[in-house]
Amino acid sequence: MFQCCSASTSLSLVLILLVILTIFAGVKTVSQGYHWTVERFGRYTRTLNPGLNLIVPLFDRIGRKVNVMEQVIDIPQQDVISKDNATVTVDGLAFFQVFDAAKASYEVAYLDQAITKLTMTNIRSVMGGMDLDQMLSHRDDINERLLRVVDAAVSPWGIKVNRIEIKDIVPPADLVQSMGRQMKAEREKRAEILQAEGLRQSAILKAEGQKQSQILEAEGRREAAFRDAEGRERLAQAEAKATEMVSLAVANGDVAALNYFVAEKYMKVLAELADSPNQKMLIMPVEVTGVLGSLAGIAEIAKQTFGPDAVRSASSTPSVPPRRPTGPVTT
């Protein structure tokens with residue numbers, strides 16, 4: 001009796017233990033950033049999200065544990081021949097993220113390798129249709145075209161390619177040296193062009209300055225000539241007026257006015273000769289006595305104009321002694 005109870009107790013403990021193990025086998029905890037697929041008899045049934053999940057023990061099992069975080073794949077180096085037959089070495093990076101764990105698990109085998117091979121193939125296709133200069137200067141365009149092509153190709157696999165970056169584009173060593181010489185020649189060319197442009201601008205500005213200076217100088221000469229002509233015109237008008245007045249006086253029988261006019265001109269010329277700085281000897285012509293005689297006519301005009309008292313007061317004023325000639329006087 002005791003043995004029968006002991007056997008039943010052991011069987012119960014075994015059954016309880018099996019139940020507990022079965023329950024624990026059906027409880028699955030999925031970590032954050034992962035999705036697990038569930039297979040029943042080898043066929044996909046559903047996907048477990050992060051957290052506590054339950055499956056049917058003995059019938060269901062975990063198929064694939066898929067990382068749904070953004071991942072990066074290093075694209076290995078490869079040689080690419082450009083459109084102008086230049087061979088360059090290219091490598092890059094691809095960033096992708098799984099958004100459908102079932103497709104990523106069952107639509108493609110060796111996911112990382114598939115993405116790598118697909119990216120390398122498209123790098124050769126995209127960059128092979130470009131010149132070397134375009135490869136080196138349009139890297140953003142290359143990245144954009146690669147991303148568009150590769151993302152469309154991996155979309156049926158439940159994958160989203162977020163970014164593709166070309167790390168290095170390495171031309172051959174001899175081509176790098178040629179490019180260095182070309183860049184140096186281009187810079188020297190630009191420096192010479194800038195220097196020539198500076199000289200041209202300097203010459204233009206200098207010519208403009210000379211032009212303005214000549215214009216202003218010509219304007220000044222024209223203004224001076226205009227003023228000089230105006231002065232001569234006024235002097236001629238004054239001379240004409242004086243001549244007219246003298247002619248009118250002569251016509252009225254006043255010969256003394258004509259004598260005064262001639263004497264005034266004659267004495268003015270003599271004064272200019274005497275005041276010349278280079279004049280060392282003054283030669284007086286014989287006709288001077290005739291001119292001095294005409295002064296009597298001047299005194300007669302003054303007597304008629306101002307009266308006899310003005311003439312007497314003028315004669316009583318002490319006269320200034322005459323200037324002695326600096327040279328011998330010849331008659």
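## A pocket to start with

Let's begin with a hollow: the second largest pocket holds about 200 Å³ of space. It is lined by 13 residues, and Val66, Asn67, Val98, Ala104 and Leu111 are the ones closest to its centre. Keep in mind that you're looking at a predicted model.

Which elements give two or more residues to this lining? They are β5 (60-67), β7 (87-98), α2 (101-106) and α3 (111-128). Strand β5 supplies the largest share, with 4 residues. Sorted by class, the lining of this pocket is made of 7 nonpolar, 3 polar and 3 charged residues.

## The protein as a whole

Now step back a little. The protein has 331 residues, and 23% of them are buried. Its elements come to 9 helices and 8 strands.

About 23500 Å² of the protein is exposed, with carbon and sulfur atoms supplying 59% of that area. As for contacts, take those between residues at least 6 apart in sequence: 62% of them join residues at least 24 apart.

## Two aromatic pairs

How many aromatic pairs does the structure hold? There are 2. One of them is formed by phenylalanine 41 and phenylalanine 59, arranged edge-to-face, with 5.8 Å from centre to centre and 85° between the planes. Phenylalanine 41 sits in the loop between β2 (34-40) and β3 (43-48), while phenylalanine 59 sits in the loop between β4 (51-54) and β5, so this pair ties together parts that are 18 residues apart in sequence. Is phenylalanine 41 buried or exposed? Phenylalanine 41 is exposed, because its relative accessible area is 66% and the cut-off for exposed is over 50%. Its partner, phenylalanine 59, is partly exposed at 44%.

Tyrosine 44 and tyrosine 106 also form an aromatic pair, and this one is tilted: the centres are 5.6 Å apart and the planes are at 50°. Here strand β3 provides tyrosine 44 and helix α2 provides tyrosine 106, so the pair ties together parts that are 62 residues apart in sequence. Tyrosine 44 counts as partly exposed, with a relative accessibility of 29%. Tyrosine 106 is partly exposed too, with a relative accessible area of 33%.

## Alanine 101, in helix α2

Helix α2 has another residue to look at, alanine 101. Is alanine 101 buried or exposed? Alanine 101 counts as buried because its relative accessibility is 4%, and buried means under 20%.

Which residues does alanine 101 touch, leaving aside those up to four places away in sequence? The answer is His35, Thr37, Thr47 and Val66. You've met Val66 already, among the residues closest to the centre of the second largest pocket. Leucine 48 is another residue to find from here: alanine 101 and leucine 48 are 53 residues apart in sequence, and their C-alpha atoms are 9.6 Å apart in space.

## Glycine 129, in a loop

For a last stop, where is glycine 129? Glycine 129 is in the loop between α3 and α4 (132-137). With a relative accessible area of 49%, glycine 129 is partly exposed, because exposed would need over 50%.

Try finding glycine 129 and lysine 83 together in the model. The two are 46 residues apart in sequence, yet 5.3 Å separates them in space, C-alpha to C-alpha.

Methods: Residues numbered from 1 in each chain as written. Predicted model: local features only at pLDDT ≥ 70, side-chain atom pairs only at ≥ 80, totals over all residues. Heavy atoms only, no water. 1 Å grid on protein atoms, 1.4 Å probe; cavity = no way out; pocket = protein on both sides within 12 Å on 5 of 7 lines; lining within 4 Å. Points joined across faces, edges and corners; volume = space filled by probe spheres on them. Nonpolar A, V, L, I, M, F, W, Y, C, P; charged D, E, K, R; others polar. Buried < 20%, exposed > 50% of the residue type's maximum accessible area, 1.4 Å probe, protein only. Contact = heavy atoms within 4.5 Å. Areas by Shrake-Rupley, 256 points an atom, 1.4 Å probe, with all protein chains shown as cover. Phe/Tyr/Trp six-rings, centres within 6.5 Å; stacked < 30°, edge-to-face > 60°.
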